[in-house]
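Hello,

Here is the structure we discussed handing over. Please have a look at it first; my notes follow below.

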Amino acid sequence: MALLDWFALNARDLPWRRTCDPYAVWVSEIMLQQTQVKTVIPYWERWMREVPTIEAAAGASPDKIHKLWEGLGYYTRARNLQKAAQQIVARQDAILKSRRSRGNETPHVVSYKFPKNFDDILALPGIGRYTAGAICSIAFNQPTPILDGNVIRVLTRVFGISENPREKETNVRLWKLAEELVATAAKYHTRRSSRSEEAHFEIGNSQSLLTSAATITENCSVLNQSLMELGALICTPRKPQCRICPVKKLCVAFREKRVEKLPNLGRREAATARHFVAFVAERNGRFLVRQRPAGVVNAHLWEFPNVEIDLDRSSSTANRDQSAHYSSKNGQSRLTSTATAEKPGPEIALAAEQLGFETYEVMPLCTLKHSITRYRITLEAFRVCLGGASDTSPHLKQAKSGTRITRRSEMGMWKTPAQLQQLAFSSAHRTILEKLPVAPK
């Protein structure tokens, strides 16, 4: 079966495919960067309910943007999306103001429009060549190429490209192939075809990848989406379903039994283990949390005081410019015993010293293990209870529990469980919060 015919019959019913609204398509493409479709769907639906327009995204508070993105990871995406929305609004407001200053009659702007020009889209924060191409082709049916992980996998296998696609020359070749595919598809965007007709395009001596037995009026959009869908559902990284692939007869890798070897991404970088310790300090029903500063990983998100421990050197590094947790969406947690307090080990004492805690007893809360890129992260969380005074300052005198905070700097704010639920936490620290028995559900 032809690629477009296969897509028409097998494409997943995704909510952003039910609209051609470029804003909705844009939001979906940003969320889908390095994130699985099944994870994105509820986030996209909630986002579109809460901030359904460019103007709404531009005017939303940063706290709302982070809360809507909470748990999705790679939070720079959300901040760049808002920056881009603000640029679109500012630019169109400037144009409107200029027209009015010249005395032109201009109706009130009811909605702000997403730009259609590829270069204008590419110039927006957080948008690269792939994302700009995806928006132009899907939302506007323009013949702009796309090249993400799924498309790279399909093209390297179909055309038998054994070189590393990350290398410049190979990457340029793949972009050229993607460009020729969508450009040829564009030639047939108004053609009505029957089962006896075929819309052909050829690259080199390859046979046609695209035949159509239906009425195709948006070939650019459908072609790019079908390439991505083929990579997601059939031409998968492991155990590809070659026997039911609509283009298997054209696939060089299938014919030469090289499917499992392509794409050739080179040797994987060795994994690096990292160890963090977090303290959940409670006093009078409030918990100590801090907000990460701008310009660092997980910027502006909230977390419990924590520090990275270098076990090999028996020293600790304050968590000021690195992430206490790298925002893994798939992190699995393991709850350790919280039945008894215990004397802290040397690494825990080091962490407490770095954070300004003078700790004699701690209660193990949970241990989280997760991965992000090449890092294998362990985050241990401990409870410490502070008592006595009603003052909410983090600078405390001796506490009843045997724990005190010895310095004020960078310690954060005391929040009730209800207040904590309103804050946007990184994924690991949200899991810690959910382990607390007092946390509201």
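**Helix 10 and its cover**

Helix 10 has 19 residues and, at 1.5 Å a residue, should span 27 Å; its end C-alpha atoms are 27 Å apart, so the two agree. Keep in mind that this is a predicted model. Ten names make the buried list of this helix: Thr-170, Leu-174, Trp-175, Leu-177, Ala-178, Leu-181, Val-182, Thr-184, Ala-185 and Ala-186. Their cover includes helix 8 (129–140), helix 9 (149–158) and helix 11.

**Helix 11 and the loop after it**

Helix 11 covers residues 219–233. Its 15 residues should span 21 Å at 1.5 Å a residue, and the end C-alpha atoms lie 20 Å apart, which agrees. Helix 11 is mostly covered, with 13 of its 15 residues buried.

Pro-237 sits in the loop between helix 11 and helix 12 (252–255). Is Pro-237 buried or exposed? Neither label fits: its relative accessible area is 43%, so Pro-237 counts as partly exposed, given that buried means under 20% and exposed over 50%. Beyond its neighbours within four places in sequence, Pro-237 touches Arg-153, Arg-157 and Glu-260. Pro-237 and Gly-149 are 88 residues apart in sequence, yet their C-alpha atoms are 9.6 Å apart in space.

**Helix 2**

Helix 2 runs over residues 22–31, and 10 of its 10 residues are buried. They are Pro-22, Tyr-23, Ala-24, Val-25, Trp-26, Val-27, Ser-28, Glu-29, Ile-30 and Met-31. What covers them? The cover includes helix 3 (37–50), helix 4 (54–59), helix 5 (62–69), helix 6 (76–101) and helix 8. Asp-21 caps the N-terminal end of helix 2. One of its side-chain oxygens lies 3.1 Å from the backbone nitrogen of Tyr-23.

Trp-26 deserves its own entry. Leaving out neighbours within four places in sequence, Trp-26 is in contact with Leu-81, Ala-84, Ala-85, Phe-114, Ile-127 and Ile-135.

**The nonpolar cores**

In soluble globular proteins, nonpolar side chains tend to be buried together. Here the largest nonpolar core holds 75 residues. Trp-26 and Trp-47 have the most contacts inside it. Helix 10 (residues 168–186) gives this core its largest share, eight residues. Another core lies apart from it, with 22 residues. Among them are Phe-276, Phe-287, Leu-423 and Ile-432.

**The chain as a whole**

The protein chain has 15 helices and 11 strands. Of its 441 residues, 50% are buried. The accessible surface is about 22,200 Å², and carbon and sulfur atoms account for 49% of that. Take the contacts in the chain with a separation of 6 or more: 66% of them join residues 24 or more positions apart.

**Confidence**

The average pLDDT of the chain is 80, and 76% of the residues score at least 70. Two stretches need a flag. Over residues 211–216, pLDDT stays under 50, and the model has 22 contacts for them beyond four places in sequence. Over residues 314–341, pLDDT also stays under 50. For that stretch the model has 95 contacts beyond four places in sequence.

Best wishes

Key: Residues are numbered from 1 along each chain as its sequence is written. Side-chain values use heavy atoms; hydrogens and water are left out. A nonpolar core is a set of buried Ala, Val, Leu, Ile, Met, Phe, Trp, Tyr and Cys residues joined through side-chain atoms within 4.5 Å. Buried means under 20% relative accessible area, exposed over 50%, partly exposed in between (1.4 Å probe, protein chains only). Helices (H or I, at least four residues) and strands (E, at least two) are DSSP runs, numbered from the N terminus. Contact means heavy atoms within 4.5 Å. Accessible areas come from the Shrake-Rupley method with a 1.4 Å probe; for residues, only the protein chains shown count as cover. The expected span of a helix is 1.5 Å times one less than its number of residues. pLDDT is the predictor's confidence in each residue, from 0 to 100. A polar contact is a pair of N or O atoms within 3.5 Å; within protein, one must be able to donate a hydrogen and the other to accept it, and residues adjacent in sequence count only if both atoms are side-chain atoms.
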